[in-house]
Amino acid sequence: MSLAYEEKASAGLAALGLATAAAQLDQAAQQAAAAAWSYTHFLGYLLEGELRVRREKTVRLNLQFARLPYPKRLEEFDFAQQPSLDRRLVDELATLRFLQEGRNLLLLGPPGVGKTHLAIALGILTAEAGHRLYFTTAIEMTRRLAKAMAENRLSREIKNLTRPKLLIVDEVGYLALEPVQASLLFQVVSERYERSQPIILTSNKAFSDWGQVFAGDAIMATAALDRLLHRSTIVNIRGDSFRLKQKRQAKAALIPEVTQP
Ligand code: ADP
Ligand code: MG
């Protein structure tokens with residue numbers, strides 16, 4: 001009788017979709033017998049292995065789905081190089097409370113100051129916390145939406161951009177949008193706002209220039225900003241481009257002192 005149950009254990013776990021637990025069953029049972037584990041200790045051990053593997057798989061899939069251009073972590077960000085940035089604010093963002101609150105994050109500043117780096121780093125934390133996210137640039141997203149509109153599948157495409165817990169829209173304002181593209185960007189902002197789904201947006205343009213960003217449509221720009229700013233954190237990063245700074249430092253190290261007048 002008991003032998004029959006032992007034979008059923010592994011197949012039963014597998015049938016329930018607990019593949020990791022099924023694979024670990026024999027080894028775990030031996031360990032349990034050798035160390036005289038309680039029954040609940042044994043079960044907890046088996047489930048922990050299953051849950052760990054599932055969590056890892058979820059994070060892997062989230063990162064695949066996200067289409068981040070390259071991996072960057074918060075630990076790689078040198079706050080000393082960026083005194084205009086409040087570290088405590090970034091640490092608060094890293095708790096991901098803004099996701100639960102449906103708060104947008106607007107990272108503003110000139111090129112090279114780390115806006116994309118920070119957006120990606122928060123995106124990785126989002127994936128690791130078990131949430132879906134999607135990374136795109138304003139131009140890439142609106143081009144894709146314009147194509148979808150031409151092919152009569154706009155609403156599905158907008159839904160795809162509304163569903164992930166977080167949408168990162170990089171480089172808003174770098175390239176001029178066509179009027180149609182501007183209205184498509186507005187639609188995405190609007191849809192996500194209605195559902196309290198947060199956006200991280202990076203831009204090199206001051207809010208006063210957002211009329212230009214929206215193809216000269218000041219009314220649409222104002223409506224988009226209203227929605228983006230209603231629940232939001234704004235991070236203004238000032239200073240020089242990190243890349244150029246590094247280049248300058250490297251150059252200074254190469255030029256011998258004697259060449260100085
Ligand atoms: P932006 O999006 O503001 O134009 P990026 O985030 O692309 O700037 O930064 C440019 C490059 O410099 C990236 O490789 C980024 O990782 C790096 N970088 C920028 N600021 C920092 C920083 N404070 N510490 C470490 N790396 C940085
Ligand atoms: Mg960038």
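A nonpolar core is here a set of buried Ala, Val, Leu, Ile, Met, Phe, Trp, Tyr and Cys residues joined through side-chain atoms within 4.5 Å. The model on screen is predicted.

**The main core**

Start with Met141, Leu145, Val172, Trp210 and Phe214. These residues have the most contacts inside the largest nonpolar core, a set of 31 residues. To see where this core comes from, colour the elements that each supply at least two of its residues: strands E1 (104-108), E3 (166-172) and E4 (199-203), together with helices H7 (138-150), H8 (154-162), H9 (179-194), H10 (210-213) and H11 (218-230). There is also a second, separate core of 28 residues, and Leu105, Ala127, Ile200 and Val235 are among them. As general background, nonpolar side chains in soluble globular proteins tend to be buried together.

Now centre on Val172 and show its surroundings. Beyond the neighbours within four places in sequence, Val172 is in contact with Ala138, Leu185, Leu201, Thr202, Ser203, Asn204, Trp210 and Val213.

**Strand E3 and its partners**

Select E3 as a whole. The strand is mostly covered, with 6 of its 7 residues buried. Strand E2 (residues 133-137) runs parallel to E3 and is joined to it by 5 bridges. On this side, Thr137 stands opposite Asp170 in E3. Strand E4 also runs parallel to E3, and 4 bridges join the two. Here the pair to pick is Leu167 and Ile199 in E4, which stand opposite each other.

Stay on Leu167, which lies in strand E3. Is Leu167 buried or exposed? Leu167 counts as buried because its relative accessible area is 0%, and the cut-off for buried is under 20%. With neighbours within four places in sequence set aside, the contacts of Leu167 are Tyr134, Thr136, Met141, Leu161, Val188, Arg192, Pro198, Ile199 and Ile200. For a distance to check in the viewer, take the C-alpha atoms of Leu167 and Val189: they are 9.8 Å apart in space, and the residues are 22 apart in sequence.

**A patch on the surface**

Next, select Leu43, Leu47 and Leu51. Together they form a nonpolar patch on the surface with about 260 Å² of accessible area. Of these, Leu47 lies in helix H3 (residues 39-66). Leu47 is partly exposed, at a relative accessible area of 37%.

**Salt bridges**

The whole structure holds 13 salt bridges. In general, side chains of opposite charge can pair when their charged atoms come close.

Go to Arg144 and Glu157. They form a salt bridge in which the closest N and O atoms are 2.9 Å apart. Which helices does this pair link? Arg144 is in helix H7 and Glu157 in helix H8, so the bridge connects distant parts of the chain, 13 residues apart. The two ends differ in cover: Arg144 is partly exposed at 28% relative accessible area, whereas Glu157 is buried at 11%.

Then add Lys147 and Glu151, whose side chains meet in a salt bridge at 3.4 Å, N to O. Lys147 is partly exposed, with a relative accessible area of 48%, and Glu151 is partly exposed at 41%. Add Arg153 to the selection to complete the group: Arg144, Lys147, Glu151, Arg153 and Glu157 are linked in a network of salt bridges.

Finish at Arg88, which forms a salt bridge with Asp86; their closest N and O atoms are 3.4 Å apart. Arg88 is exposed, at 66% relative accessibility, while Asp86 is partly exposed at 34%.

Terms used
Residues are numbered from 1 along each chain as its sequence is written. Chains are lettered from A and ligands numbered from 1 in the order in which they are written. This is a predicted model: local features need pLDDT of at least 70, side-chain atom pairs count only at pLDDT 80 or more; totals for chains, interfaces and linings use all residues. Side-chain values use heavy atoms; hydrogens and water are left out. Buried means under 20% relative accessible area, exposed over 50%, partly exposed in between (1.4 Å probe, protein chains only). Contact means heavy atoms within 4.5 Å. Patches are made of residues with over 30% relative accessible area and no salt bridge: like charges are joined within 9 Å, nonpolar side chains (Val, Leu, Ile, Met, Phe, Trp, Tyr) within 5 Å. Accessible areas come from the Shrake-Rupley method with a 1.4 Å probe; for residues, only the protein chains shown count as cover. A salt bridge is a side-chain nitrogen of Lys or Arg within 4 Å of a carboxyl oxygen of Asp or Glu. Two strands pair if DSSP finds at least two bridges between them.
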